[in-house]
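Visitor: I would like to learn how to read a pocket and a domain interface from a set of coordinates. Can we take them in that order?

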Amino acid sequence: MHCPQYSAGRCRSCQWLEKPYIQQIDDKEQDLRTLLSPFAVNNWLPPVRSAETAFRNKAKMVVSGSVERPVFGIVTDNEPVDLSDCPLYPPHFAEVFAVLKPFIARAGLTPYNVERRRGELKFLLLTESRASGKMMLRFVLRSEKKVAQLQAALPFLQAKLPQLSVISANIQPVAMAILEGEQEIIFTPDEVLEETFNGIPLYIRPHSFFQTNPAVAAQLYHTAGQWVRELGITRLWDLFCGAGGFGLHCADKSTQLTGIEISPEAIACATRSAEKMGLENVTFQALDSAQFALGKSAVPELVLVNPPRRGIGKALCDYLNTMAPETIIYSSCNAQSLAQDLAHLTQYQPQRVQLFDMFPHTAHYEVLVLLTRK
């Protein structure tokens, strides 16, 4: 992949860009095999590769520069770097950014200056549904000061970009590099962006987490569902379930599924998907996953965990050892914390491991592990 900003030394977000893609995959696979070498994995499945360009469905842009000449991208050594034409995004993202730049002046949204702590517009967050081509656009503002002004200018923007089905302002008043605040002001009748993976309806709300590489994510969810169906599982928990992608791929009308996620927005999305699919034995609850599991005595046949980078932790591992479900499926975005958790899951044996390259040109990757009780 050729990137002018990387070649010029202005952006180093893709640390492995000079490494051939096949070598990237080999290096990630070797790293994973080294980390999991103590566990005698029975079956290593071939890694799932990504497209090398245009694979992202989401852009998180720092807004810098001036109101007349805004820059969308990053700030490195106090210098703004424009990433509007970043090759990780589909080419039509650049067309959207080209419309947004003059709109910033029309709406009077002065870019926020970190050093001076002045200005209003901090970030632009753009998300696309690959199923419909519709988009969600979020303006991250320092305060509500410019909200009415922004709303008044939106008809012009919507006429230019009718694909923007969800538009909102997020209020982030903290003078730190925090991406978003708790308050969300939605300007459009639609509040949710609908996506579809493998025929499964999924929903994206402004605050809910969603994978940024939809093609690889669809394969990840499909694989988990395939493993569950091969085992004939009918009772399962989906812990750290997010918007329900894993659990909904594993469930049918006879499946008893309980999904747990601390984010109410994500749970609202997962519940809506289950209702659309007509799944009556599926329940999603906004709770802490570890606390939910530790407080239960009933034993499901399978527990699916998809934790954040820190992993599930020793307490939950010990509980799973004691509760002893027949099978655990562990999806990890951090193989180091995965290895730590596997060391604590002393009653389980990794049967299958597969790497999913969700993040080309970086050292990061996702892993799916099937564990059975010893």
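Guide: We can start with the lining of one pocket. The model here is predicted. Its second largest pocket is lined by 23 residues, and those nearest the pocket centre are Ser64, Tyr112, Asn113, Val114 and Glu115.

Visitor: How is such a space found, and what volume does the second largest pocket have?

Guide: Rolling a probe the size of a water molecule over the atoms shows where empty space is left. For the second largest pocket, the volume comes to about 600 Å³.

Visitor: Which strands each supply at least two residues of that lining?

Guide: Strand S2 (58-65) and strand S5 (121-128) do. S2 gives the largest share, four residues.

Visitor: How do the lining residues of the second largest pocket divide by character?

Guide: Eleven are nonpolar, seven polar and five charged.

Visitor: Now the domains. Which residue ranges does the assignment give?

Guide: Domain 1 covers 4-52 + 213-373, and domain 2 covers 58-190. Taken over C-alpha atoms, their centres are 31 Å apart.

Visitor: How should I read the interface, and what area is buried between domain 1 and domain 2?

Guide: The size of an interface is often given as the accessible area lost when the parts come together. Between domain 1 and domain 2 that area is about 550 Å², with 71% of it from carbon and sulfur atoms. In terms of contacts, seven residues of domain 1 meet seven residues of domain 2.

Visitor: How many salt bridges does the rule find across this interface?

Guide: Zero, between domain 1 and domain 2.

Note on methods. Residues numbered from 1 in each chain as written. Predicted model: local features only at pLDDT ≥ 70, side-chain atom pairs only at ≥ 80, totals over all residues. Heavy atoms only, no water. 1 Å grid on protein atoms, 1.4 Å probe; cavity = no way out; pocket = protein on both sides within 12 Å on 5 of 7 lines; lining within 4 Å. Points joined across faces, edges and corners; volume = space filled by probe spheres on them. Nonpolar A, V, L, I, M, F, W, Y, C, P; charged D, E, K, R; others polar. Domains from an automatic or database assignment. Contact = heavy atoms within 4.5 Å. Buried area = accessible area lost by both parts, 1.4 Å probe. Salt bridge = Lys/Arg side-chain N within 4 Å of Asp/Glu carboxyl O.
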